[in-house]
Amino acid sequence: ARDSGSAMLGLPTEWAAPAAPKMRWFVLLSYALGSSLNAFMFMNFSSDEELATEVFGVSKTVVSSFYTWSLVSVLVSMVVAVYFMTDYNRSVQIVAGMMNLTAALVRWYAVRSRSATVCVVSCVFSGMAAGCIVSNMSTVGERWFPPRSRTLATSIASLSNYFGWAVGCLIPPFTISSPRTMENFMIVQTVVAAVALLGVVAFYRSWPDVPLMRARGTAPAEHQGMLESLRMVCRDPQLAMQILCFGLIFGVGFAIPALLDLVFSNALGLSSQVTAVINCSFILTGVAGGILIASRLNNPDRLAGTVRVIHVVAVVSLLAVCLVCSSIHEHWWHGAEDGAGRAVALALLSALMVVHGVAMFGIVPLALEQAAESGFPIPAEHTTSSVEWLTNGVGALVNQAAAGFGANGLWVCFVVLVAEVAVFLVLFRARLRRTEHLEASVPGSTGSLTALGDGSKF
């Protein structure tokens, strides 16, 4: 049977709103905890590759491939997860929690047995869990939150994944110093995975029990299959272009955190601890900036313009980061004795990484909302899942390609980002199909919708 709730009534996502506003936050936070943990596990070895090579007795290239194995597994599992996401949403999230726990257990055994092969198996499990999780980034906001809060809810859901990255970059280098401490770390991680699974079982629900918002007219094609959605995308070049561009820019954002330890240690001679602090600030400021932007962006008409501006900031800031890294590598820093020059360069690089983080991660919830707006009446989970599928594919390719360039790895990310931004700025045309449909469906609407049933402003 389908998961309980409004899905039993066949109601589209646009009609859903909870009778108890507090419950929506428990649903969102239970999702966010599992998402954060999953991203945290992705960074277990990327933040300190030196120790990982010692534990498993393999090269840095092999350790770097752990991250790639996870991303490739996401591509496979998302195909299955999207198929079941609409009707069995809660079940998919429980399966994700179980795979997170399995990945944590297998990873502990991999460290204990010093087996790189077993570690790859754990990466496959964490990637499969991620496929279930990222397919669901927009669903909680769509089903549980009214439009005025939907962008904020999508921000918290999507950026919780990046928050997990940030913590995953910061904690391991400061808490793991030997194979023994790594094993203890994996035990604690397994306990957290068990708690996260219990949180999903206890609090996560597919739909609100009582639908209060009902838009009249043509509803989104909620129960259509993913293949039909893909056909609709192929018949709409503008939407296809948006999905491709958003997948490219997100993919670059996925690759950069895993690359920074390699790039900074080769180009700048930084320790894993210093790199972890820069990486964490890069992601956390992006998460905070994204939530702040989303909380202020209540008008869908401003969405497209904001996405354009962030694209420009992203490419300019990454160019600046690449130039500073190259200058340090070739002239100022590597092997130099100028302490003042090192301090200035590090401060400049840290500031630029903060700006780039706000752009790269702040754009995520806005782009997902833009894709959902443009793709209507395609179910939002189908459009956002398409973006996330491309994201993981691009992230895996860029990560492997950039790792081969060592100190110049960020230039590979820059080339991909320049191509994406050029295509997007030239071809992008904003469309607010979903908002226009809802405004036309509510009698007397003048652009500021009101939720039917409780009278609260959207």
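## A walk through the helices

At 23% relative accessibility, Val 58 counts as partly exposed, because partly exposed covers the range between under 20% for buried and over 50% for exposed. That's our way into this structure, which is a predicted model. To find Val 58, look in the loop between helix 2 (49–56) and helix 3 (60–85). Setting aside neighbours within four places in sequence, Val 58 touches Thr 53, Val 63 and Ala 116. There's also Ser 115, which is 57 residues away from Val 58 along the chain, yet their C-alpha atoms are separated by 9.7 Å.

Now step back and take in the whole chain. You'll count 16 helices and 0 strands. Of the 458 residues in the chain, 58% are buried. And if you take the contacts with a separation of 6 or more, 87% of them join residues 24 or more positions apart.

Let's pick out helix 4, residues 89–113. Helix 4 has 25 residues, so at 1.5 Å a residue it should span 36 Å, and its end C-alpha atoms are indeed 36 Å apart.

Just after helix 4 comes Arg 114, which takes a positive phi of about 60°, although Arg 114 is not a glycine. This residue sits in the loop between helix 4 and helix 5. Is Arg 114 buried or exposed? Neither quite fits: with a relative accessible area of 35%, Arg 114 is partly exposed.

Past that loop is helix 5 (residues 116–134), whose axis comes within 8 Å of the axis of helix 4, the two crossing at roughly 165°. Angles over 145 degrees count as roughly antiparallel, so that is how helix 4 lies relative to helix 5. Their crossing is left-handed. On the helix 4 side, the residues that meet helix 5 include Val 92, Ala 96, Met 99, Ala 103 and Val 106. Among their partners on helix 5 are Val 118, Val 121, Phe 125, Met 128 and Ile 133. Sorted by class, the contact between helix 4 and helix 5 has 16 nonpolar, 5 polar and 1 charged residues.

Helix 4 has another partner as well. It packs with helix 8 (residues 179–203) at an angle of about 165°, with the axes 9 Å apart. That makes helix 4 roughly antiparallel to helix 8, and here too the crossing is left-handed. What does this contact look like by class? Between helix 4 and helix 8 there are 16 nonpolar, 5 polar and 4 charged residues.

Helix 8 deserves a look of its own. With 25 residues at 1.5 Å each, helix 8 should span 36 Å, and the 36 Å between its end C-alpha atoms agrees. Several of its residues are buried, including Pro 179, Met 182, Phe 185, Met 186 and Leu 197. The buried residues of helix 8 also include Glu 183, Gln 189 and Thr 190.

One more pair rounds off the tour. Helix 7 (residues 147–175) packs with helix 11 (residues 272–296) at an angle of about 170°, their axes 8 Å apart. Helix 7 and helix 11 are therefore roughly antiparallel to each other. Their contact has 19 nonpolar, 7 polar and no charged residues.

Notes. Residues are numbered from 1 along each chain as its sequence is written. This is a predicted model: local features need pLDDT of at least 70, side-chain atom pairs count only at pLDDT 80 or more; totals for chains, interfaces and linings use all residues. Side-chain values use heavy atoms; hydrogens and water are left out. Axes are lines fitted to C-alpha atoms, for helices over the stretch in contact, and angles run from 0 to 180 degrees between N-to-C directions. Helices (H or I, at least four residues) and strands (E, at least two) are DSSP runs, numbered from the N terminus. Angles under 35 degrees count as roughly parallel, over 145 as roughly antiparallel, 65 to 115 as roughly perpendicular and the rest as oblique. A crossing is left-handed if the near helix is turned anticlockwise from the far one by less than a right angle, and right-handed if clockwise. Ala, Val, Leu, Ile, Met, Phe, Trp, Tyr, Cys and Pro count as nonpolar, Asp, Glu, Lys and Arg as charged, and the others, Gly among them, as polar. The expected span of a helix is 1.5 Å times one less than its number of residues. Buried means under 20% relative accessible area, exposed over 50%, partly exposed in between (1.4 Å probe, protein chains only). Contact means heavy atoms within 4.5 Å.
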